[in-house]
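Please open the structure in your viewer and keep the selection panel at hand. The tour proceeds from the whole chain to individual residues.

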Amino acid sequence: MNLISSINIWERSQSLTGVCPQWKIDYLEIAKEKTKKYNRDISEIVGIKLPQPSIGLSFMNPKKVMASYDSLFQRIYLNSSKELLEYLFPENIDSTLIHELSHHLWRNTSRDTFITQLLTITKTACIWQEGFAEFLQTNFFSDFVPKGMSNGLSHNKIYVEGFNRLAYVVAFKDPKEVFQVPVKWKQFETEYQNYQKAIH
Ligand SMILES: [Zn+2]
């Protein structure tokens with residue numbers, strides 16, 4: 001998502017809040033509270049104080065994108081369509097927020113500046129970022145998801161490829177190295193490729 005469309009959506013989402021049905025505003029309030037809590041929990045586990053991300057409804061509503069993370073403004077967007085909000089609440093909101101907060105953690109632990117992160121975004125970088133979010137959501141941060149709520153993995157190819165890379169880091173290094181992935185992923189990618197060559 002580019003900068004201009006990101007700003008537009010945010011401004012529109014704020015001004016449209018007044019004409020939003022109350023149930024959508026109520027859901028957004030629940031998501032805000034959960035975001036605050038999970039961001040604190042993640043800060044504690046990782047041992048760094050993460051800034052508080054803001055959260056809003058996106059009115060772009062790309063199909064099948066339940067939520068997204070905007071690195072520039074450190075914001076989480078929920079898809080505001082009725083269909084996807086009803087999918088998110090109550091079963092999927094916790095795992096979705098934890099996934100997006102893992103992107104927030106990446107944003108705040110990568111040593112690259114935001115501009116460098118933006119200019120060097122490649123398919124491989126996306127694979128690692130999505131794998132990082134999927135892995136933390138379903139492993140290190142999975143206890144945050146309340147019992148009975150869903151915490152499934154995406155079957156999207158990029159997510160699966162990313163998840164496999166994180167599983168490699170855990171299997172062949174100290175599991176704590178997972179939190180170093182935003183800093184060391186390029187080095188890990190080289191090692192992972194060499195490992196793939198060796199076993200095939
Ligand atoms: Zn993601």
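The stops below begin with the overall fold and end at a single side chain in a predicted model.

**The whole chain**

Display the chain as a cartoon and colour it by secondary structure. Seven helices and three strands should appear. Traced along the sequence, these elements occur in the order α-α-β-β-β-α-α-α-α-α. The radius of gyration is 17 Å, close to the 16 Å that the globule rule gives for 200 residues, so the chain is as compact as a globular protein of that length. Along the principal axes, the C-alpha atoms occupy a box of roughly 60 × 40 × 35 Å.

Burial and contacts may be considered next. Of the 200 residues, 32% count as buried. Among contacts between residues at least 6 apart in sequence, 67% link residues at least 24 apart.

**Strands β1 and β3**

Select residues 54-58, which form strand β1. Is this strand largely enclosed or largely open? Four of its five residues are buried, so the rest of the structure largely encloses β1.

Now add residues 75-79, strand β3. The two strands pair in the parallel sense, over five bridges. To see one position in this pairing, display I55, which stands opposite I76 of β3.

**The largest nonpolar core**

Next, show L78, I98, F132 and V181 as sticks. Within the largest nonpolar core, which has 36 residues, these four touch the most other members. Elements supplying at least two residues each to this core are α2 (22-46), β1, β2 (67-70), β3, α3, α5, α6 and α7. Which helix gives the most to the core? That helix is α3, with nine residues.

**Helix α5**

Select residues 123-138, helix α5. A distance drawn between its end C-alpha atoms should read 22 Å; this agrees with the 22 Å expected for 16 residues at 1.5 Å a residue.

Colour the buried residues of α5: I127, W128, Q129, E130, G131, F132, A133, E134, F135, L136 and Q137. Then bring α3 (82-109), α6 (157-172) and α7 (181-199) into view, since the buried residues of α5 pack against these helices.

**F132**

Finish by centring the view on F132, one of the buried residues of α5. Which residues does F132 contact beyond its neighbours within four places in sequence? They are S102, W106, G162, L166, V181 and P182. One of these partners, V181, is listed with F132 among the core residues that touch the most other members.

Notes. Residues are numbered from 1 along each chain as its sequence is written. This is a predicted model: local features need pLDDT of at least 70, side-chain atom pairs count only at pLDDT 80 or more; totals for chains, interfaces and linings use all residues. The expected span of a helix is 1.5 Å times one less than its number of residues. A residue is buried if 20 or more other C-beta atoms lie within 10 Å of its own, exposed if 12 or fewer, and partly exposed in between; C-beta atoms are placed from the backbone. Two residues are in contact if their C-beta atoms, placed from the backbone, lie within 7 Å. The radius of gyration is taken over C-alpha atoms; the globule rule is 2.2 Å times the number of residues to the power 0.38. Two strands pair if DSSP finds at least two bridges between them. A nonpolar core is a set of buried Ala, Val, Leu, Ile, Met, Phe, Trp, Tyr and Cys residues joined through C-beta atoms within 7 Å.
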